[in-house]
Amino acid sequence: MSVAPYPWQAEAWRTARETWKRGAHALLLAGQKGLGKRDFAVALAQSILCEAPSDRDDRACEGCTGCHWLRAGTHPDYVLVEAPSAADTDGAQGQVGAIRERQIGIDQIRQLTESLAFTTHRGRGKVVVVHPAEQLNAAAANALLKSLEEPPAGTLFVLVTNRRALVIPTVRSRCQCVSLRPGERQAMQQWLRDTGIEDAGLYLALSGQSPLEAAAIAADDHWRQRGSFLNQLGAAGTDPVAMAERFRDLPPPLVLSWLQKWTFDLMYHSVSGRGRYHVDYEPSISVVAHGVSPLAIAKLHGRLVAAQRVVNHPVNARLFLEQLLIDYFNVCAPER
Ligand SMILES: [Zn+2]
């Protein structure tokens, strides 16, 4: 059995531990959102700082001073450098659709550098977790680079990222990459069922195969309105203005993500005959897809992706939704 926090992380866990044992001083933990990378990084730190790890599989003991301090977030040899509200984006507590883009600033890295100047308190080295690494601003990244180039002895940096390509290349190149991927679909569904979620397959599809995001979706009240929203998208004669009024209280990022997944499914359906996200709405998707040119859908989807840039702070949320829906129904007016 794996000692990683989640069953789909077993292979990455082995890789990370082995890479560290071979003497690597910086890991880049990369993978899509919702795979539990932050929990992985903290567990890895604990397995390194535990003072009585199991001889057999390096499992942290959970009983020593190091384990207690790490769990309490007070271990003097453990530093978490985190973007404000970043925990929301890759943990089980994640608020779907409410991701705030905030950067890690130079002051946070200066504080880190100062703390690294002291020798280790408990004699097991130090672990620094940076989350998420793509949100280091340029000055912070440059300051961190100095530590990565001349790492203090016995220090392991674990940089966590949802978007590896956006991590500054000079930082990226000084790290050993450990990739996290979704696991076997059945194993992920079983894990969701074990946490009490029925319809695990549907939520997994809606999350793009990210189990923690699937769990967050299942717990989010706004998602109860998804069915009526999609029914209207697929219905003939829906009035976009009335529809925007009806769903005006939904968070714009959430509505945009439903729409993007819907138009993605329309494109996907025209090439594969099935959907990828809204798998419970395939009959509606099929009807809409048959009435529209694939090129027009692709262009619409491109506009929805572009709308991502302003979705976190639209001037007027209802108008924003109205414009999206007018655009959608101009392209995809379902015919009967
Ligand atoms: Zn321990």
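At what angle do helix α7 and helix α9 pack, and how far apart are their axes? Keep that in mind as you look around this predicted model.

**Stop 1: the helix pair**

Select residues 185–194 for helix α7, then add residues 211–218 for helix α9. Two packed helices are described by the angle between their axes and the distance between the axes. Here the angle is about 35°, and the axes lie 10 Å apart. Turn the view until one helix lies over the other, and you will be looking at a right-handed crossing of α7 past α9.

Now show the side chains where the two helices touch. From α7, pick M188, W191 and L192; from α9, pick P211, L212, A214 and A215. Colour them by residue type: this contact has seven nonpolar residues, with no polar and no charged ones.

**Stop 2: the zinc ion**

Next, centre on the zinc ion and display C50, C61, C64 and C67 as sticks. Each coordinates the zinc through its SG atom, at 2.3 to 2.4 Å. Try the angle tool on the donors: the four atoms subtend angles of 102 to 121° around the ion, so the arrangement is tetrahedral. Along the chain, the donors follow the spacing C-x10-C-x2-C-x2-C.

Within this set, pick out C50 and C64. Both sit in the loop between α2 (37–49) and α3 (65–72), 14 residues apart, and the pair links distant parts of the chain.

**Last look: buried or exposed?**

Switch on the surface and check whether C50 is buried or exposed. C50 counts as buried because its relative accessibility is 0%. C64, at 10% relative accessibility, counts as buried too.

Definitions and conventions: Residues are numbered from 1 along each chain as its sequence is written. This is a predicted model: local features need pLDDT of at least 70, side-chain atom pairs count only at pLDDT 80 or more; totals for chains, interfaces and linings use all residues. Side-chain values use heavy atoms; hydrogens and water are left out. Donors are N, O and S atoms within 2.8 Å of the metal (3.2 Å for Na, K and Ca); water is not among the atoms, so sites may look incomplete. Four donors count as tetrahedral if all angles lie between 85 and 135 degrees; four count as square planar and six as octahedral if opposite donors are over 155 degrees apart and all others between 65 and 115; anything else is irregular. Helices (H or I, at least four residues) and strands (E, at least two) are DSSP runs, numbered from the N terminus. Buried means under 20% relative accessible area, exposed over 50%, partly exposed in between (1.4 Å probe, protein chains only). Axes are lines fitted to C-alpha atoms, for helices over the stretch in contact, and angles run from 0 to 180 degrees between N-to-C directions. A crossing is left-handed if the near helix is turned anticlockwise from the far one by less than a right angle, and right-handed if clockwise. Contact means heavy atoms within 4.5 Å. Ala, Val, Leu, Ile, Met, Phe, Trp, Tyr, Cys and Pro count as nonpolar, Asp, Glu, Lys and Arg as charged, and the others, Gly among them, as polar.
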